[in-house]
Amino acid sequence: MKPKRNIAGKVYLFLIFLFLYAPIIILIIYSFNESKFRTWSGFSFKWYIELFSDTKIMAALYNTILVAVVASLLSTVMGTLAAIGIHGMKKWPKRLIMDVTYLPVLNPDIVTGVSLMLLFVFLSIPTGRLTLILAHMSFCIPYVILSVLPKLKQMNPNIYHAALDLGATPMRAMWKVVLPEIMPGVITGLLMSFTLSIDDFIVSFFTTGPGVENLSILIYNAARKGVNPSINALSALMFVVIMCLLLIINKRTKTNVDIMF
Amino acid sequence: MNKKWYAQPYILWSILFVVVPLLLVVYFGFTTKTADGSMVFSLENFQKFFTPAYLEVFLRSLWYAFISTVVCLLLGYPAAMVLSNRNLKSQGTMVLLLVIPMWMNLLLRTYAWLTLLENEGLINQFLRFIHVLGEGESIQFLYHDGAVVFGMVYNFLPFMILPIYSVMTKLDQSVVEAAEDLGANWWHVFRRVRLPLSIPGVMSGITMVFVPAVTTFAISAILGGNKVTLLGNLIERQFGQMNNWNFGSAISLVLMVIILLSMGFMSSYEKENEGGGLL
Amino acid sequence: MSNAILRLEGIRKSYGEEEVLKGIDLSIGRHEFLTLLGPSGCGKTTLLRIIGGFVAPSEGIVWYDGTNINKLPPYKRQLNTVFQKYALFPHMNVFGNVAFGLQIKKLPKATIAEKVKKILQLVGLSGFEDRDIESLSGGQQQRIAIARALVNEPQVLLLDEPLGALDLQLRKDMQLELKKIQTALGITFIYVTHDQEEALTMSDKVVVMNKGEIQQMGTPVDIYNEPKNRFVADFIGESNIIDGRMPADRRVVFLGKELECLDGGFAPDEAVDVVIRPEDIRVSTTEGIFPGVVTSVVFKGVHYEMMVQSDGFDWMVHSTLMEPVGTQVYLTLGPDDIHIMKKVAAHE
């Protein structure tokens with residue numbers, strides 16, 4: 001009805017996207033630049049080759065993936081069980097536990113990181129991969145719970161009772177009837193945990209130990225010294241990976257953007 | 001239904017990994033280390049925090065976060081409006097394009113600007129190329145306050161747009177039609193219906209920008225060099241170089257209290273606004 | 001036509017391939033209570049939205065008081081709408097909602113307050129000005145929606161299934177009340193509903209629509225007693241519809257019997273639809289035209305609804321006397337109980 005306003009709006013939106021994507025796209029382009037400097041001197045996979053032969057970066061990559069896989073799997077198991085338990089709770093204990101669940105979500109990451117660091121020192125757990133995994137679990141589990149709970153609410157509670165009525169043991173009813181019903185939420189929780197984990201910097205920064213770097217920490221340390229072409233290549237790869245993960249999550253949750261932030 | 005025990009491991013977990021750590025922060029915040037290494041109760045850390053040197057950092061952090069939030073709101077509100085237009089094609093793709101940067105590593109996004117903003121970066125090269133700058137000249141984009149605020153806006157803009165967008169798409173179209181039916185033109189509809197009904201989204205957008213902006217230390221470290229100190233940098237230094245965990249914990253506590261309070265305020269405001277008239 | 005306030009001329013509307021309105025011509029008189037009646041998807045709501053200005057017709061003209069208003073946006077049209085599910089402004093109280101249109105017109109504050117007060121009195125909600133919308137019941141919200149539209153003193157009020165969300169008793173009360181308000185204000189109501197009873201109760205004129213076309217227009221009595229085709233007969237009230245043929249004027253053959261009727265003007269032996277209202281059939285255990293067996297009986301409050309199987313056809317019969325299942329009965333029809341309808345080419 002208002003073509004002019006529509007066009008102006010689209011142009012505006014385009015500028016916003018340009019602002020958001022320009023640096024990322026340029027970063028990706030320059031990761032293929034032959035030269036170490038900003039001037040373009042030809043297409044090359046040089047930095048990618050260098051990236052994969054850099055033992056420090058490869059170690060960080062290994063740490064990132066190991067922590068993300070272990071933390072997201074454990075978080076999903078514990079978070080799903082917790083969601084089922086919380087769903088069956090009475091009103092006020094449920095509220096209490098949900099308030100505690102929201103704490104790591106709402107609390108600034110830096111406070112979560114600092115508090116966990118104090119805990120590990122207090123319990124004298126040597127910081128390193130183990131503490132990274134524990135720390136990542138502490139902020140992943142709430143997201144698993146929050147993506148499984150809605151599925152439990154949607155589920156007809158009678159199907160569990162029907163399974164019991166038909167002679168299934170509670171264990172079996174849970175495994176064969178409830179779990180398949182809430183599976184979409186569980187998978188979403190798993191993917192979100194994985195993404196959150198590889199994405200995290202602040203909590204990792206405070207809870208890792210000497211010599212154990214993940215990619216975020218590596219990038220942080222490198223970025224403080226300025227541009228580094230190997231890091232460009234690494235960033236380009238990470239961008240592509242995260243984009244693929246998000247496309248999968250998005251396919252699963254359809255248009256529901258609410259869960260994404 | 002006896003499913004409660006399913007939550008038991010998680011309850012233990014929360015106590016150990018959420019509640020106890022926070023109590024430790026409280027403990028460290030309210031104690032100081034004496035010469036012989038033992039901890040004694042003290043308010044010294046907080047007194048120290050409220051001395052001018054640290055207060056300045058505190059106010060600077062609040063001020064930069066405030067400016068970033070305002071800029072994000074001014075840029076983001078119109079974007080959310082365009083995005084929520086029902087005539088817009090490929091709305092889903094656009095939303096996804098907004099979500100992707102949100103989930104991209106904040107360090108990557110911040111780092112990406114270095115290539116553009118450095119003294120030898122692309123923008124300076126371009127300005128030299130079109131002879132706005134002479135040979136060897138460059139504009140110092142990085143390592144000062146402006147760069148930090150810029151980085152915050154860049155990183156957190158999607159966090160402003162999406163909640164507003166989400167509330168706007170939930171707006172009942174028939175309410176807009178009702179207003180038009182009663183004689184309201186585009187501006188009236190915006191002023192009297194769309195804007196007031198989008199306030200809950202604006203509120204959560206403000207929260208989602210302000211909180212990370214006030215607590216960041218990576219953006220200021222990368223784009224601000226060591227020249228811009230924010231609360232986050234201050235905390236980081238206490239646990240790093242300065243090795244004063246007590247003071248670091250106290251600052252964290254102040255930060256946490258401010259943020260949880262403002263969130264409580266925001267959410268109570270949202271609830272109030274659901275039922276009552278604001279404008 | 002001079003008495004018409006609204007006139008629709010050849011209105012068509014397509015969404016892509018799908019044609020939802022196939023040429024609607026309709027004239028709506030001043031002070032008239034006109035109902036657009038039809039099943040969901042018949043195009044009645046689209047037609048109302050075209051009149052309100054929320055949808056542009058693909059073809060055709062909307063005339064308001066002799067002026068073509070096709071290009072007029074909704075906020076410039078002199079009509080007001082009561083929306084499905086009310087569409088009240090959730091962030092305003094009752095006063096804010098009702099005063100909205102008047103505030104847009106920038107009337108003086110005192111005038112607004114007075115008009116709001118008066119209209120709230122009319123809908124029976126005096127003193128509700130400061131109440132929140134959410135604190136009102138469905139019926140009260142409905143009244144506010146009506147007040148919000150009426151306070152602007154439109155010449156035409158459009159109502160889009162306004163009572164759809166209310167329970168049965170409340171709906172009946174509101175039907176009477178709406179009719180009362182319309183008579184009192186003397187303005188035109190265009191009312192959209194899929195509920196035939198509602199349409200027959202309130203309207204001066206009923207327009208029965210199906211698949212984007214007007215099937216029949218007329219007073220409720222005409223529509224009920226003289227349905228023009230099988231669709232209208234089926235949609236308005238319950239009917240027995242039987243295939244038949246007309247060997248001559250005033251003679252009809254169906255279910256193996258030749259009977260007298262009142263209709264004529266068909267070609268010899270033309271195939272027709274024979275429509276018989278269940279309440280027009282008389283039941284006897286001793287004698288009649290169609291012998292049959294009662295296969296089911298349901299008590300409906302005032303009457304019994306019985307299914308009678310006769311020679312392979314299931315008759316629906318309404319009777320105040322009950323015959324138990326299995327009883328041998330005879331059904332009798334008078335000439336004026338038989339309505340003959342032209343077969344519609346496409347089966348509706």
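How many salt bridges are there between chain B and chain A? The count is zero. Keep that in mind as you look through these close-ups, which all come from a predicted model.

**View 1. Chain B meets chain A across about 8,000 Å² of buried area.**
The size of an interface is often given as the accessible area lost when the parts come together. Here, carbon and sulfur atoms give 80% of the area buried between chain B and chain A. Three residues are worth finding first: Tyr10(B), Trp103(B) and Tyr111(B) supply 12% of what chain B buries against chain A, more than any other three residues. On the contact list you'd find 83 residues from chain B and 87 residues from chain A.

**View 2. A look at who does the touching on chain B's side of the contact with chain A.**
Sort the residues of chain B that touch chain A by class and you get 65 nonpolar, twelve polar and six charged. Which helix of chain B gives the largest share of this side? It's helix H1 (residues 8-29) of chain B, with 15 residues. There may be zero salt bridges between these two chains, but five residue pairs do make polar contact across the interface, with both residues at pLDDT 80 or more.

**View 3. Chain A on its own is built with eleven helices and zero strands.**
Follow chain A along the sequence and the pattern reads α-α-α-α-α-α-α-α-α-α-α. Its C-alpha trace spans about 75 × 65 × 30 Å along the principal axes.

**View 4. Inside chain B, helix H4 (residues 91-103) packs with helix H7 (residues 145-169).**
The angle between H4(B) and H7(B) is about 145 degrees, and their axes are 9 Å apart. H4(B) passes H7(B) in a left-handed crossing. To spot the contact, start with the H4(B) residues: Gln91(B), Val95(B), Leu98(B), Val99(B) and Met102(B). Across from them in H7(B) sit Pro158(B), Phe159(B), Ile161(B), Leu162(B), Tyr165(B) and Thr169(B). By class, this contact has nine nonpolar, two polar and no charged residues.

**View 5. Chain B also meets chain C, with about 2,000 Å² of buried area.**
In this interface, 21 residues of chain B are in contact with 24 residues of chain C. Carbon and sulfur atoms give 58% of the area buried here. On the chain B side, Asp181(B), Leu182(B) and Arg192(B) lose the most area to chain C, together 36% of what that side buries.

**View 6. One salt bridge links chain B and chain C.**
Which residues form it? Arg49(C) pairs with Glu177(B), and their closest N and O atoms are 2.6 Å apart. Six residue pairs are in polar contact across this interface, again with both residues at pLDDT 80 or more. Helices H8 (173-181), H9 (186-215) and H12 (245-275) of chain B each supply at least two residues of the side touching chain C. H8(B) gives the most, with seven residues. The chain B side divides into nine nonpolar, seven polar and five charged residues.

**View 7. Within chain C, Asp65(C) forms a salt bridge with Arg30(C).**
Their closest N and O atoms are 2.7 Å apart. This pair links distant parts of the chain, with the two residues 35 residues apart. Asp65(C) is in the loop between strand S4 (59-64) and strand S5 (67-68) of chain C, while Arg30(C) is in the loop between strand S2 (18-29) and strand S3 (33-37). Over all chains, the count comes to 23 salt bridges.

Note on methods:
Residues are numbered from 1 along each chain as its sequence is written. Chains are lettered from A and ligands numbered from 1 in the order in which they are written. This is a predicted model: local features need pLDDT of at least 70, side-chain atom pairs count only at pLDDT 80 or more; totals for chains, interfaces and linings use all residues. Side-chain values use heavy atoms; hydrogens and water are left out. Axes are lines fitted to C-alpha atoms, for helices over the stretch in contact, and angles run from 0 to 180 degrees between N-to-C directions. Helices (H or I, at least four residues) and strands (E, at least two) are DSSP runs, numbered from the N terminus. A crossing is left-handed if the near helix is turned anticlockwise from the far one by less than a right angle, and right-handed if clockwise. Contact means heavy atoms within 4.5 Å. Ala, Val, Leu, Ile, Met, Phe, Trp, Tyr, Cys and Pro count as nonpolar, Asp, Glu, Lys and Arg as charged, and the others, Gly among them, as polar. Buried area is the accessible area (1.4 Å probe) that two parts lose on being put together, summed over both. A salt bridge is a side-chain nitrogen of Lys or Arg within 4 Å of a carboxyl oxygen of Asp or Glu. A polar contact is a pair of N or O atoms within 3.5 Å; within protein, one must be able to donate a hydrogen and the other to accept it, and residues adjacent in sequence count only if both atoms are side-chain atoms.
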